Amino acid sequence: MEWSFQTVEELAAALRAGEVTSAELTDEAIARIERDDKVINAICVPDFDRARATARGADQARARGEDRPLLGIPVTVKESYNLAGLPTTWGMSQHRDYLPAEDAVQVSRLKAAGAVLLGKTNVPLGLQDIQSFNELYGTTNNPWDRDRTPGGSSGGSAAALASGFGALSIGSDLAGSLRTPAHFCGIYAHKPTLGLAATRGMVPPPGPALPVDLDLAVVGPMARTARDLALLLDVMAGPDPLTLGKAHHLALPPARHERLGDFRVLVLDEHPLIPTGSAVRAGVNRVADALADSGARVERRSPLLPDLTEAATLYMQLLISGSVARFPIESYEQLRTRAAGLSANDQSLDAVRLRAMVFSHRDWIEANNHRELHRHGWRQLSAEFDAVVCPITPTPAFPHDHNPNPLERRIDIDGVEYPYFDQFVWAGLATMPGLPATAIPAGRSPEGLPVGVQLIGPMFEDRTPLRLAELLEQQIGGFQAPEDD
């Protein structure tokens, strides 16, 4: 029997029943990687010797009667996580020899849960793209169409899962970096509520692994089913033991509903700043139809929804001002000159991003205050709706575009070109206020590419969109493996 595309639940049951060993699962996963990854290039840092040793240890532990959540399950880890003994580079060649001494807190949690770590997955340079390529490790291809990107920055993890390279992976999300690869590769991913899962050890090299509270950015799970996604979130969730973990214990609320027909859902398929491509719109409507057919309350508009244009503007201000804060002073002065030359009437997202590059602390505080108003607006919306269904990006996976100046890149939406970074507005809808969002498969484009949507839930009620994802999986189907050439 081939195990590579079985769910974690199925693998765990087979391991408990003695139908397969972890050593056998691990050998099969490694053989598949060695056979297929030459053309996908998802696993940039293999760790096969230690994986085999860990698998043998897992089998011995099971023989002693142990049973942990991921005992003996092969998984992968995004390259940006510190894993002792392996390089952490974030795709930067100058750090090719940097070997962290300690595991990231999430790597430690995977190991404590019994997982077998096959290796690390590819990322874009500095995690700064929704593609996954860098000079050090090369380009990761989409398993559905190798001329297209798998997304980023967790693109290697998504491509690995779609290819059967391990049952689970962990990634991170600042600008859709979990959700976009899931959408492009036809898998599941969950962006947790901001602060729900500790991020220590997911840090640019060679920086120290400190327990800092990141703004906007989260770490989260990726899987091929909604139930496996929820299982991995349970492993990852919880405060850092060095800080809040000293006094706080996590107790996530249960899902609001157990039946699809009980959910109250707001469906969005249009954004004022960028059109939605026909393939993605069809995916959103497929989910909306499944909800309505099941008796769920489905609405297309609500006066409680915070203004989408202002939300996108705030997101870009917070995202860009944080990203460029460490720019050399010479670059900053050049940017300030360019920003000063903008017309006051120019409110395009390009202008928003340029002004954000030279934000003062006072500017950031003002934007942050507006964010709190949006968060309160989402609380009011969440009293009326259990989830919001909307796009992740306006299109399915697009062809590789390695133009070194991303400002010159364009995204093609049904034959019309738009600025590359404008497609971030949908991902930012959940990121800016720090809300949980689950990415789910929602069908195929006419070209056969995966199409996903996101389910945005109430803050710290992560189990609600995850349960909705599971129920929709039963209704409309979920992951399908790409056909072999």
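**View A. Asn41 sits in the loop that runs between α2 and β1.** The model here is predicted, so local features need pLDDT of at least 70 and side-chain atom pairs count only at pLDDT 80 or more, while totals for chains, interfaces and linings use all residues. Residues are numbered from 1 along each chain as its sequence is written, and side-chain values use heavy atoms, with hydrogens and water left out. Helices (H or I, at least four residues) and strands (E, at least two) are DSSP runs, numbered from the N terminus. Asn41 is not a glycine, yet its phi is positive, at about 60°. For context, most residues other than glycine have a negative phi, and most peptide bonds are trans. Is Asn41 buried or exposed? It counts as buried, because its relative accessibility is 19% and the cut-off for buried is under 20% relative accessible area (exposed is over 50%, partly exposed in between; 1.4 Å probe, protein chains only).

**View B. Ala31 belongs to helix α2.** With a relative accessible area of 41%, Ala31 comes out as partly exposed. Take Leu466 as a far reference point: 435 residues separate Ala31 and Leu466 in sequence, and their C-alpha atoms are 32 Å apart in space.

**View C. Strands β12 and β13 make a hairpin with two residues between them.** β12 (residues 410-413) and β13 (residues 416-419) pair in the antiparallel sense over four bridges; two strands pair if DSSP finds at least two bridges between them. Across the hairpin, Ile413 stands opposite Val416 of β13. Asp414, in the loop between β12 and β13, has a positive phi near 50° despite not being a glycine. Asp414 is exposed, with a relative accessible area of 52%.

**View D. An open sheet of 11 strands has mixed pairing.** Read across, the strand order is β1-β3-β2-β6-β8-β7-β14-β15-β11-β9-β10. The edges belong to β1 (43-46) and β10 (297-299); each has a single partner strand, so one side of each is left without a neighbour in the sheet. From one strand to the next the twist averages 30°. For angles like this, axes are lines fitted to C-alpha atoms (for helices over the stretch in contact), and the angles run from 0 to 180 degrees between N-to-C directions. Strands of a sheet pair through backbone hydrogen bonds, either parallel or antiparallel. Zoom in on β9 (residues 264-267) and β11: they pair in the parallel sense over three bridges, and Val265 has Ala387 of β11 as its bridge partner. Helix α12 lies across β9, β10, β11 and β15 (450-456), at about 125° to β9; contact here means heavy atoms within 4.5 Å.

**View E. Two cavities of 30 Å³ or more turn up, and this is the largest.** On a 1 Å grid over the protein atoms alone, a cavity is a set of points where a 1.4 Å probe fits but cannot get out, a pocket is an open set with protein on both sides within 12 Å along at least five of seven lines, and lining residues have an atom within 4 Å of a point. Grid points are joined across faces, edges and corners, and a volume is the space filled by probe spheres set on the points. The largest cavity holds about 80 Å³. Its lining includes Trp3, Leu11, Leu25, Glu28, Ala29, Pro74 and Arg224. Which helix gives the most to this lining? That is α2 (residues 22-40), with three residues. By class there are six nonpolar, three polar and two charged residues, where Ala, Val, Leu, Ile, Met, Phe, Trp, Tyr, Cys and Pro count as nonpolar, Asp, Glu, Lys and Arg as charged, and the others, Gly among them, as polar.

**View F. The second largest cavity takes up about 60 Å³.** Among its lining residues are Trp378, Leu381, Phe385, Ala387, Val388, Leu435 and Ile456. α12 (361-384) and β11 (387-390) are the elements that give two or more residues, and α12 has the largest share, three. The split is eight nonpolar, two polar and one charged.

**View G. The second largest pocket has a volume of about 490 Å³.** Of the 26 residues lining this pocket, Gly195, Leu196, Asp213, Pro239 and Leu244 lie nearest its centre. Its lining has 16 nonpolar, seven polar and three charged residues.

**View H. Cis peptide bonds join Gly152 to Ser153 and Pro205 to Pro206.** Omega is about 5° for the Gly152 and Ser153 bond, and Ser153 lies in the loop between β5 (138-139) and α5 (155-163). For Pro205 and Pro206 omega is about -5°, with Pro206 in the loop between β7 (188-191) and β8 (218-223).
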